[in-house]
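Me: I'd like a close look at one part of this model, with the terms explained as you go.

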Amino acid sequence: MLKTPNSVSKSKFWVMITFVIILHSVLAFRFFQLQILDFEFYNKRADSNRIRAISLPASRGLILDRHGEIIVDNYPTYILYGIGAEIRDKQKNYKVISHSIGIDTSILKKNYKNYYRNRFLPTRLVKDLTIEQLSRLEEAKNDLSGIMYKQFPERIYNPKIRASHVLGYLKEMDQEMIQKMVSNGDYEYGDLVGWSGLEQEYETTLKGDKGVEYFQVDAYGREAGKLEGEENILSSPGNNISTTLDVSLQQLIEKEFRGKKGVGIVSDPRTGGILAYVSAPDYKPDLFTGLISNSDWQEVISDPNRPLLNRVANGTYPPASIFKMVVALALLEKNLISPQTEVFCTGSYEFYDRTFGCWSEFGHGKIDLEQAIVQSCDVFFYQAIQKIKLNELAEFAKQFGFGYETNIDLPAEMKGRMPDRAFMNRLYGRWGWSQGAMLNISIGQGEILVTPLQMAAYTNILATKGNTHPLYMVQAKDDFIVKPIVRNQSWNLIQKYMRKVISDPKGTGRRSDPKIPGLKISGKTGTAENPHGEPHAWFIAFGEKDGAMISVVILIENGGHGGEVAAPMARKIFKQYFEDDKTKLVNS
Amino acid sequence: MLLNFQKKIIESPLSILIGVIALLSVGLLTLFSITAIQEQEPPNAFSKQLIFLVPAVLLMIAIMVTSKRFIHKYIFILYGIIIIAVILPFFGPKIAGTYRWIYMGLPFGLQPSEIAKWVIVITLARYLSDHNLQMRNFGSNIVPFTIALIPTFIVLRQPDLGTAFVMMAPVIPMLFWVGARPYHLFLIVAPLLSILAAFNVVVFSVWAAIMAIVIFLSRPQLWHGVGIYFSNIFLGLIFPFLWNSLRPFQQNRVLTLFNPESDPLGAGYQIIQSKTALGSGGLFGKGWGQGTQTHLKFLPVQESDFIVSVIGEELGFIALLAMVVLFLWLIVKIIRLAINASDRFAGLILIGIATIFMTHVFVNCAMTVGMIPVKGLPLPFVSYGGSFLVSSFMMIGLVLNFGREEMD
């Protein structure tokens, strides 16, 4: 058989050999390319395939009061997670969990959907589990698959006070927030971030550094063996912040404001430190921790008293008579009036075709500057104000912080409004307003608006003749404020008058004096007419005793006369502070 | 008789067995790494491969000592039987969407298409050596192609694109061996390449240029050359439109018809993990049994289709280079036996088998490194797979038999 000879030319052989060599060379080169040239790239990719890093949360720094008492603390809670790829029967697992911890399966389902990222990553099902709930879950462990829990530090608040507007709250990072945050890549989905108040302002100090735990996973995302070569990093807790708050004062004022709307601020004029910061009504500081139920939330945001509004820094009000010190100082400085200037008050004042009333309809009779402040006579100021131009007054008032932010170390504050010519022209048109507007401004009504926080800064200026620091909560500001240009004799006069507001039997602020020997209180009342009903009651004061000094700002919305409702509240503050202080000194 | 066997064995080109044993060792070592580290209980890929080695070696020896005349005489009958054998799976159960295996009460299925690969080669060899064909004529290529096409179409319907491709691959070198004009072979392959190249503008332009040069250099009659050139170009231009006029699900249906193992997404994942395994191995590899891609199961079908990635990851570029050199040596050795054969029938069989091995090696490795789409072709002697291991050893038996100088 096999008759045909195999007569094949050598060239065919070489064509084939060449072809075979080329194909093998292509393979060898490609292996070289992948394994030698691109080694780094693929090695990294292989590592990122198998190495998982989970971040370990850092506990946030605490917030302390001026005596070291803890205001905001952490406590451990547990978060329950489910791993999609490992849960065998979701409905069954949900039922078991729901039975053990008493949470409806619909919540579990909803959370799973909300927090889901992928099948292999833990997805949050419930947070804020207690140890008891956890131990019941442990008992049911055999019926669960792909369920795990992790400890998580949660905020807890001093039960004595709320101070919710100062402390602020934490918010959980969602996708949208992360995208907005360009600068800091340290945050991830589900992290808590300070979202208002001190929590926001001192976020970088409080938050601490997260740790990292590495482990090895297989293709299904299951943990597989130990990982060598990667060191775990422990989380380091955030730093505590010591605030200037005084828990007992804060507690007192919050109690006083129960059922009222308004503001109470206590600060130290010599340092600018805030001892109490009350905006009423407020909300429970733990409102935002844990799962806010929809009804709770609705209740808070639909409350007509607007508890979420921070009235201290974001409420704007006419300053009313507490503005009169600015007017008096401006006129004194420009020598437009003197302490001897007298005016006759009949209870009202005719200005062209308009009548401007004094708060006392019977009139104050013949009255000088001292009594005009002590008795808060409006007619005196109606007349005196006509000697000064609006712009001059506005410029002068701005030295006291009117129209400017106080730059306190808290986020989001309003700057109020100090009207000048340009402003009035813009608002009413060049010919749309007259000198009459000035008369209103002279008694702190009309277009002028202030925040209570600005009034605290203003009170501190009056208390120290301008030698005060900007307001602060945590970090003291070394630099003094820019001192208003006021002669010492004018300061002395104004302080004398303010002292008389309290000490004079006719003084509108006499109800604020707790009559503690050695305690000298000076102040001014205000009654701000407003379109929302009863006038707002103002009272600003500073008290000094044995070198210790505090200033108080009280505003009671729709409270009536400052001297009648706000001043008595200030008395309790002075009483507690200066009596307490003594006992504290003895004790320590 | 026994003496005759002994003589046959001794006179066979036994040195190729060195290459085979070396490759087999690499394969078994790798399979052992996979199964031992991942604590797979026997029967696992390693133990099964060892068991399959017994019939494989026995059949190799049997084929090695079988009379060449006997093979020559009965090959057409065997061809008929194997055609029936590749049809038989269609009457059996559908496994993973395909009809590839025959179950005869054994704990494993047999894959007749593996045997068909070399049966086609011998059939072609007989046809091409028996007839004194005028290979200069284009028409002489038609019958050989038909011989290969019949089983190929059946296998394509199973569907098994990889095996079908391997079945067709030997036709061209074998025709070339017996003197077919390369131009004619080019004309046969051209339309398919035109269609494939049509999906990329650059590739298509290069292909059009190559086609023009080849046709020009082959100096056909003007109208003939121009006609062929432009019908290919036309085919390439029209095909993407035809393809795009199909709905996506229809396209997928066509794609999965040809390639049922992998949905496009899954294939992409497999290639990425395979390249990652290889690349992360570097020069010396992560060490035997230390492959993270392998043992953490990022690498799919690691014991068969992607075994090269396991070797590359654990033993590094050095090992793969050695493996490529071994294959090169083996294939070149077979081609040298072919040129030295005194008989055309023997020479053609050796060329055909060399082509089958070459195709398996290239397609498997090229797929592993992401040069071509995923086609489930195993690597000879290295990959796990019973039928293919047996078939490979039978082919080595044929090489040993037909590589022998003596005539019987």
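Which residue follows H13(A), and is its phi positive or negative?

Reply: A:Asn335 follows H13(A), and its phi is positive, near 55°. Bear in mind that this is a predicted model, where local features need pLDDT of at least 70 and side-chain atom pairs count only at pLDDT 80 or more, while totals for chains, interfaces and linings use all residues. Residues are numbered from 1 along each chain as its sequence is written, chains are lettered from A and ligands numbered from 1 in the order in which they are written, and side-chain values use heavy atoms, leaving out hydrogens and water.

Now the helix (a DSSP run of H or I, at least four residues, numbered from the N terminus). H13 of chain A covers residues 324–333, and 10 of the 10 are buried, so the rest of the structure largely encloses it. Buried here is under 20% relative accessible area with a 1.4 Å probe, protein chains only. The buried set runs from nonpolar-looking names such as A:Met325, A:Val327 and A:Leu331 to A:Lys324 and A:Glu333.

What does the helix touch? Leaving aside its neighbours within four places in sequence, A:Phe400 is in contact (heavy atoms within 4.5 Å) with A:Val326 and A:Leu329, and its partners also include A:Tyr458, A:Leu462, A:Pro484 and A:Trp491. A:Val326 and A:Leu329 are among the buried residues of H13(A).

A:Phe400 also stands out in the largest nonpolar core, which has 125 residues: A:Phe400, A:Phe402 and A:Leu462 have the most contacts inside it. A core is a set of buried Ala, Val, Leu, Ile, Met, Phe, Trp, Tyr and Cys residues joined through side-chain atoms within 4.5 Å. A second, separate core of 110 residues includes A:Val8 and B:Leu400.

Key. Buried means under 20% relative accessible area, exposed over 50%, partly exposed in between (1.4 Å probe, protein chains only). Helices (H or I, at least four residues) and strands (E, at least two) are DSSP runs, numbered from the N terminus.
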